Amino acid sequence: MNRAKKVPTDVSNAVRQDYELAKERKNMKKARVKPKGYWLRKLGVALFWLAFLFVLLIIGNSFFKTDEVASEDKQAPSIVKVTSIEATEFAKRFTRAYFTFTPADDLATTREKALQPFLASNVEAFAGLDVLSSLYQSSVVATEILDVKQLSERTSHITVKATQQLTAVKKADEQGITDIPKEEQTTEFAVQYLVVPVGYDEQFFVYGNPMFTYIEEPDISSSVTVGNLKEAPIEVMQDIQAFLPTFFKAYTTDEQEQLNYLLETDNLAISLQESMIFEEVRSTKAYMLKDGWLVFATVKLLDPKTNIPVETTYQLEIKQAATNQLVVSGFNDYESLEVN
């Protein structure tokens, strides 16, 4: 009888102990205090992982874009070097070297040395132009590209117009070939049309002898006018024509202070300081303005270093000062010109 009554008591004690233990754990959990800065650390960790994921996203996006760009580059057409600006500049440099020579005992050596950097190994040293017996000194004063024709990916024909200056420095007579005194030498100009065969293999080269050709260049029909201005009367033209040589001599050779005496405003025109020498006024046209005259003067100048003459046209506005002296009030102001 007594044994049967003890069982419930033991079970009841065990349940009570479990209940008390669970209650104690619950109270401890409620009483637990979070350390200072706990939530800030949690926030920092979260922000770190967000930033990390963002960086991964950027890197991945850049990687795929790089692949796309590389793919586009592979599909883009390659530049044809033999028709590029570099190729035309190479053809112009070769043309200058080709037409530049001076009769001398060592001409063969200097000529070969000048052309060698341009020529392929299979092209003979002078590229077909033998000037060893020439009586002329030659130089190139201007080059212009007229045509570029691609033959293949690595070859082209580039047509160059060259303006050649020829000076007779020797003459042939009964005594043989003799030098012409400098004061008796004559100079002339010639235009050559040269087809330069240009190749490219990591660098440009001339792969054959150039070919001479001729190109009929069209006449230029356009012109420049000064609108409806009236021409200046004869008596005014005489005063202007007398004034212009004085002005251009000062403009080319005098100091700026002296030139300023002929200008309405100081430094309106800047002295050439003898970099060019005034020779003469070749032609003059003058038109009436409200306060003075618009003048076009074609002037012959001389390069003091080479003695090469050049003609150029200047536009001046000329007026009469209070002292009745003519002065330049405008210099190379082309806004009044009209192209027809």
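**View 1. The two sides of helix H4.** Thr-109 and Lys-113 are exposed on one side of H4 in this predicted model. On the other side, it's a different story for Leu-107, Arg-111 and Leu-115: these residues of H4 (residues 107-115) are buried. Look down the axis of H4 and its buried residues fall within an arc of 50 degrees, so they line one face of the helix. And what covers them? Helix H3 (85-98) is part of the cover over the buried residues of H4.

**View 2. The largest nonpolar core.** This core is made up of 28 residues, and Phe-247, Phe-248, Leu-316 and Ile-318 have the most contacts inside it. Helix H5 (234-253) gives two or more residues to the core, and so do strands E9 (277-289), E10 (292-302), E11 (309-320) and E12 (326-331). H5 chips in the most, with nine residues. There's also a second, separate core of 26 residues, and Leu-115 is one of its members, along with Ala-91, Leu-119 and Val-140.

**View 3. Zooming in on Ile-318.** Setting aside neighbours within four places in sequence, Ile-318 is in contact with residues including Ile-240, Phe-243, Leu-244, Trp-293, Val-295 and Val-328.

**View 4. Val-295 in strand E10.** Strand E10 is where you'll find Val-295. Buried or exposed? Val-295 has a relative accessible area of 0%, so it counts as buried, the cut-off being under 20%. Beyond residues up to four places away in sequence, Val-295 touches Ile-240, Leu-244, Thr-284, Tyr-314 and Ile-318, among others. Ala-232 is 63 residues from Val-295 along the chain, yet their C-alpha atoms are separated by 9.3 Å.

Technical notes
Residues are numbered from 1 along each chain as its sequence is written. This is a predicted model: local features need pLDDT of at least 70, side-chain atom pairs count only at pLDDT 80 or more; totals for chains, interfaces and linings use all residues. Side-chain values use heavy atoms; hydrogens and water are left out. Buried means under 20% relative accessible area, exposed over 50%, partly exposed in between (1.4 Å probe, protein chains only). Helices (H or I, at least four residues) and strands (E, at least two) are DSSP runs, numbered from the N terminus. The arc is that of the directions from the helix axis to the C-beta atoms. Contact means heavy atoms within 4.5 Å. A nonpolar core is a set of buried Ala, Val, Leu, Ile, Met, Phe, Trp, Tyr and Cys residues joined through side-chain atoms within 4.5 Å.
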